[in-house]
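Trainee: Could you take me through one part of this structure slowly, and then show me what lies around it? I would like a connected account rather than a list.

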Amino acid sequence: MGKKPVIGISGSIMIDQGGMFPGYKRAYVNDDYILAIHKNGGIPMMLPLVDDEEVIKEQIKNIDGLLLSGGHDVDPMFYDEEPSQKLGETFPERDIFDMKLIKYALEMKKPIMGVCRGMQMINVYFGGSLYQDLSFIDGCTIKHVQGHTPSLATHTANITEGTKLETILGTNKTLINSFHHLAAKEIGKGLVVSARALDGVVEAIEHESEFVIGTQWHPEMMAQKDEMMKKIFVAFVNECNKK
Ligand code: MN
């Protein structure tokens with residue numbers, strides 16, 4: 001084992017609703033991502049949202065791997081659709097930031113892991129599309145917005161044979177949490193589906209050749225207690241250490 005790898009976690013912006021400065025913007029990432037990285041061998045580093053492409057390129061140069069965090073609905077303009085009435089709040093500046101992070105991470109051969117919206121961004125980056133709401137999916141009968149207890153696994157995921165995810169987890173079935181109302185529709189070029197819920201909803205994707213993996217669920221919220229989910233971060237951090 002060499003040095004611990006530095007994992008860049010994509011940041012978002014939250015806006016104060018009250019307090020001393022209502023409307024004040026703060027850059028943040030959820031603490032669970034930071035814990036999931038540093039408890040599993042990596043050095044977490046937050047990548048704040050910026051709009052300068054040269055700065056984004058430097059952000060990527062300074063890390064060994066990229067973790068794309070969750071958040072807003074992806075703006076459908078990035079997969080050539082009009083917004084449906086069921087679309088939630090979007091944040092197009094962040095979509096652009098995430099896509100530039102992905103672009104430079106791929107260019108510089110740094111491993112990428114995406115969670116929830118992060119997985120969706122990977123799919124969109126590679127030319128895939130999203131269902132703007134689960135109600136648009138035929139046969140979607142499972143509760144994918146569990147609405148409570150972030151660390152609680154509530155539904156099953158079937159893992160696709162022969163995928164990196166199967167190798168990482170060492171199983172073809174696992175229990176996951178679920179906090180999403182969007183889902184992958186067309187899968188981007190070079191990507192494969194690596195897990196599905198029992199109603200067919202895509203729960204994980206990965207790249208055929210590069211180390212680019214995405215989960216629709218939130219393993220970082222489960223990894224403190226769940227050995228399966230811990231394995232994903234251990235595998236990602238180890239991969240980032242190879243470069
Ligand atoms: Mn789900």
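Mentor: Happy to; we will start at the metal site, follow the chain around it, and then turn to the helices. Keep in mind throughout that this is a predicted model.

The manganese ion is held by five residues: His144 through ND1, His155 through NE2, Ser178 through OG, His180 through NE2 and Glu203 through OE. The coordination distances run from 2.2 to 2.3 Å. Read along the chain, these donors are spaced as H-x10-H-x22-S-x1-H-x22-E. One pair shows how the site joins distant parts of the chain: His155 belongs to strand β8 (residues 155–159), while Ser178 sits in the loop between β9 (173–176) and β10 (183–184), 23 residues apart. Both His155 and Ser178 are buried.

Now step back along the chain to Thr154, in the loop between β7 and β8. With a relative accessibility of 35%, Thr154 counts as partly exposed. Leaving out neighbours within four places in sequence, Thr154 is in contact with Gln146, Ile176, Asn177 and Ser178, and Ser178 is one of the manganese donors. The C-alpha atoms of Thr154 and Ile176 are 6.0 Å apart, although 22 residues separate them along the chain.

The loop between β7 (130–131) and β8 also holds Thr149. Its backbone is worth a look if you check torsions: phi of Thr149 is positive, about 50°, although the residue is not a glycine. Thr149 counts as partly exposed because its relative accessibility is 39%.

Going into strand β8 itself, you meet Asn158. Asn158 is partly exposed, at 31% relative accessibility. Beyond four places in sequence, Asn158 touches Asn172, Lys173, Ser194, Ala195, Arg196 and Leu198. For Asn158 and Leu198, the C-alpha separation is 7.1 Å across 40 residues of chain.

After β8 comes the loop leading to α5 (164–169), where Thr163 is found. Thr163 has a relative accessible area of 5%, so this residue is buried. Apart from neighbours within four places, Thr163 is in contact with Val193, Ser194 and Glu206. Ser194 therefore appears in the contacts of Thr163 as well as in those of Asn158, which is a handy landmark when you turn the model.Let us move on to the helices. Two packed helices are described by the angle between their axes and the distance between the axes. Helix α3 (residues 92–107) takes part in two such packings, and we can take α4 as its partner to begin with.

The axes of α3 and α4 (residues 117–125) come within 10 Å and cross at roughly 70°. That angle makes α3 roughly perpendicular to α4. The crossing of these two helices is right-handed. On the α3 side, the contact is formed by Arg94, Asp95, Asp98, Met99, Ile102, Lys103 and Leu106, and on the α4 side by Arg117, Met121, Ile122 and Tyr125. Sorted by class, the residues of this contact are six nonpolar and five charged, with no polar ones.

The other packing brings α3 together with α2 (residues 53–61), at an angle of about 50° and with the axes 9 Å apart. At that angle, α2 is oblique to α3. The α2 and α3 crossing is right-handed too. From α2 come Glu53, Ile56, Lys57, Gln59 and Ile60, and from α3 come Phe97, Lys100, Leu101, Lys103, Tyr104 and Ala105. This contact divides into six nonpolar, one polar and four charged residues. Notice Lys103 of α3: it is listed in the contact with α4 and in the contact with α2.

Beyond α3, in the loop between α3 and β6 (112–115), you find Lys109. Like Thr149, Lys109 has a positive phi without being a glycine, here near 55°. Lys109 counts as partly exposed because its relative accessibility is 49%, and the class of buried residues stops at 20%.

Last, look at Asp32, in helix α1 (residues 31–38). Asp32 is partly exposed, with a relative accessible area of 25%. Leaving out residues up to four places away in sequence, Asp32 touches Glu220 and Met221. Lys57, which we met in the contact of α2 with α3, lies 25 residues from Asp32 in sequence and 25 Å from it in space, C-alpha to C-alpha.

Notes:
Residues numbered from 1 in each chain as written. Predicted model: local features only at pLDDT ≥ 70, side-chain atom pairs only at ≥ 80, totals over all residues. Heavy atoms only, no water. Axes fitted to C-alpha atoms, helices over the stretch in contact; angles between N-to-C directions. Helix = DSSP H or I, 4+ residues; strand = E, 2+ residues; numbered from the N terminus. Parallel < 35°, antiparallel > 145°, perpendicular 65-115°, else oblique. Left-handed = near helix turned anticlockwise from the far one by under 90°. Contact = heavy atoms within 4.5 Å. Nonpolar A, V, L, I, M, F, W, Y, C, P; charged D, E, K, R; others polar. Donors = N, O, S within 2.8 Å, 3.2 Å for Na, K, Ca; no water. Buried < 20%, exposed > 50% of the residue type's maximum accessible area, 1.4 Å probe, protein only.
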